[in-house]
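Colleague: I would like to go through some of the words used for this structure. For each one, please show how the value leads to the word.

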Protein chains: 2
Amino acid sequence: MNIGQAAENTGVSAKMIRYYESIALLPDPKRSASGYREYGDVDLHRLRFVRRSRDFGFSMEQIAKLLKLWEQKRPSHDVKEIALTHVAELDEKIQHLTELRNTLKHLADCCHGDHRPECPILQSLSGKPQTATRSQAIPPTTSR
Amino acid sequence: MNIGQAAENTGVSAKMIRYYESIALLPDPKRSASGYREYGDVDLHRLRFVRRSRDFGFSMEQIAKLLKLWEQKRPSHDVKEIALTHVAELDEKIQHLTELRNTLKHLADCCHGDHRPECPILQSLSGKPQTATRSQAIPPTTSR
DNA sequence: ATGGACCTTCCCATCATGGCAAGGTCAAGC
DNA sequence: GCTTGACCTTGCCATGATGGGAAGGTCCAT
């Protein structure tokens, strides 16, 4: 099976398949006499594994580990650890976004939203200590 | 005030200040006779506004709009709309991440996490329809 | 044998950010 | 005055995951 077919079959674009190969996430596939990549069932299976892992939001690095564990049929302990690490990452990200969201929503709710130029949102962004909720309204100065 | 001082003062790196200037998010600053950028109170205020907006997770595009509205002291209506749009974006992202997180947590909880090679996480990633919860366990194939 | 659909490699672009290099400037100390 | 070190300038390169496109080779059906 050529790369186009494999792409259609697994939901991973041909471009990405080549990319994953180039960063050694995937092994070099067999080639036809004329140099075409050829994929078999095992390769397709692996590609789907990678796509699903991406869907789960795993990083490339994590996927590489998971893939290795999967192929080597290694103990589930290691896999669980990676998964739980990712869960913790997700929790952190979710919490951060939720805080931002609530702060912003609060500001928007306080904004009369009419033609008047005063706006608590802009005031908060400009750093004017204004409302009593300021200490909560200013998001953490994450070093991003 | 030179760029280094401005950077230290506002939490926006010198590199980023120049970048924001290059994409016209910020106006070209005054220059000293020798070509050094010079920043005053107004500029610092603007830089802090941008940094805070980034902290809130606004996109560059949104920040450009907010900045314009802020400087022109335009009606709060427009600002509120941008903020609420961003809140909606955050809500969506939070929901997506939460779903991923819960699915993954569920899989990890089902994983005995010992030396045995069987692992529901890997099985789910490899696409094996295995548990009754599969239809919920497979994350949406988001076209990412 | 010709045309179209596919494949190959290579380069470029994204976006926000950092790093590095070569060269100019400024201020402090000798 | 001259040196030195800290700062500034511009410009290029790199990131990570992805897409776009060009130039050229291959395969298959008509």
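The questions below take up chain A, several helix pairs, single residues and the DNA strands.

Modeller: Before we start, note that this is a predicted model.

Colleague: How many helices and strands does chain A have, and in what pattern?

Modeller: Chain A has seven helices and two strands. Along the sequence the pattern is α-α-β-β-α-α-α-α-α. Of the 144 residues of chain A, 29% count as buried. Among its contacts between residues at least 6 apart in sequence, 44% join residues at least 24 apart.

Colleague: What makes L67(B) buried or exposed?

Modeller: The cut-off for buried is 20 or more other C-beta atoms within 10 Å. L67(B) has 20 C-beta neighbours inside 10 Å, so L67(B) counts as buried. L67(B) lies in helix α4 of chain B. Leaving out residues up to four places away in sequence, L67(B) touches F49(B) and V50(B).

Colleague: What separates the C-alpha atoms of L67(B) and L104(B)?

Modeller: They are separated by 40 Å, and the two residues are 37 residues apart along the chain.

Colleague: Is A24(A) buried or exposed, and why?

Modeller: A residue is exposed if 12 or fewer other C-beta atoms lie within 10 Å of its own. A24(A) has 9 C-beta neighbours inside 10 Å, so A24(A) counts as exposed. A24(A) is found in the loop between α2 and β1 (30–31) of chain A.

Colleague: What is A24(B) by the cut-off, buried or exposed?

Modeller: A24(B) is exposed, because 9 other C-beta atoms lie within 10 Å. The place of A24(B) is in the loop between α2 and β1 (30–31) of chain B.

Colleague: What is the phi of A24(A), and of A24(B)?

Modeller: Most residues other than glycine have a negative phi. Phi of A24(A) is near 65 degrees, a positive value in a residue other than glycine. For A24(B), phi is near 65 degrees, again a positive value in a residue other than glycine.

Colleague: Why is α4(B) described by an orientation word relative to α5(B), and which word is it?

Modeller: The axes of helix α4 (residues 60–71) and helix α5 (residues 76–110) of chain B come within 10 Å and cross at roughly 160 degrees. Angles over 145 degrees count as roughly antiparallel. Therefore α4(B) is roughly antiparallel to α5(B). The crossing of these two helices, α4(B) and α5(B), is left-handed. On the α4(B) side the contact is made by Q62(B), K65(B), L66(B) and L69(B), and on the α5(B) side by D78(B), V79(B), I82(B) and H86(B). By class, this contact of α4(B) with α5(B) has four nonpolar, two polar and two charged residues.

Colleague: How do you know which orientation word fits α1(B) and α3(B)?

Modeller: The axes of α1(B) and helix α3 (residues 41–55) of chain B come within 9 Å and cross at roughly 45 degrees. Roughly parallel needs an angle under 35 degrees, and roughly perpendicular needs 65 to 115. The angle fits neither, so α1(B) and α3(B) are oblique to each other. The crossing in which α1(B) passes α3(B) is right-handed. The contact joins A6(B), N9(B) and T10(B) of α1(B) with D43(B), L44(B), L47(B), R48(B) and R51(B) of α3(B). These residues divide into three nonpolar, two polar and three charged.

Colleague: What are α3(A) and α4(A) to each other, and why?

Modeller: The axes of helix α3 (residues 41–55) and helix α4 (residues 60–71) of chain A come within 10 Å and cross at roughly 140 degrees. Roughly antiparallel needs an angle over 145 degrees. The angle does not reach that cut-off, so α3(A) is oblique to α4(A). The crossing of α3(A) and α4(A) is right-handed. The contact is made by F49(A), V50(A) and S53(A) of α3(A) and by I63(A), L66(A), L67(A) and W70(A) of α4(A). Its residues divide into six nonpolar, one polar and no charged.

Colleague: Which residues come nearest to DNA strand D?

Modeller: Of the 20 residues around DNA strand D, the nearest are S34(A), M60(A), N2(B), G4(B) and R37(B). By class, the surface near DNA strand D has seven nonpolar, eight polar and five charged residues.

Colleague: Which residues are closest to DNA strand C?

Modeller: DNA strand C is surrounded by 20 residues, and the closest are N2(A), G4(A), R37(A), S34(B) and M60(B).

Definitions and conventions:
Residues are numbered from 1 along each chain as its sequence is written. Chains are lettered from A and ligands numbered from 1 in the order in which they are written. This is a predicted model: local features need pLDDT of at least 70, side-chain atom pairs count only at pLDDT 80 or more; totals for chains, interfaces and linings use all residues. A residue is near a molecule or strand if its C-beta atom, placed from the backbone, lies within 6 Å of it. Ala, Val, Leu, Ile, Met, Phe, Trp, Tyr, Cys and Pro count as nonpolar, Asp, Glu, Lys and Arg as charged, and the others, Gly among them, as polar. Axes are lines fitted to C-alpha atoms, for helices over the stretch in contact, and angles run from 0 to 180 degrees between N-to-C directions. Helices (H or I, at least four residues) and strands (E, at least two) are DSSP runs, numbered from the N terminus. A crossing is left-handed if the near helix is turned anticlockwise from the far one by less than a right angle, and right-handed if clockwise. Two residues are in contact if their C-beta atoms, placed from the backbone, lie within 7 Å.
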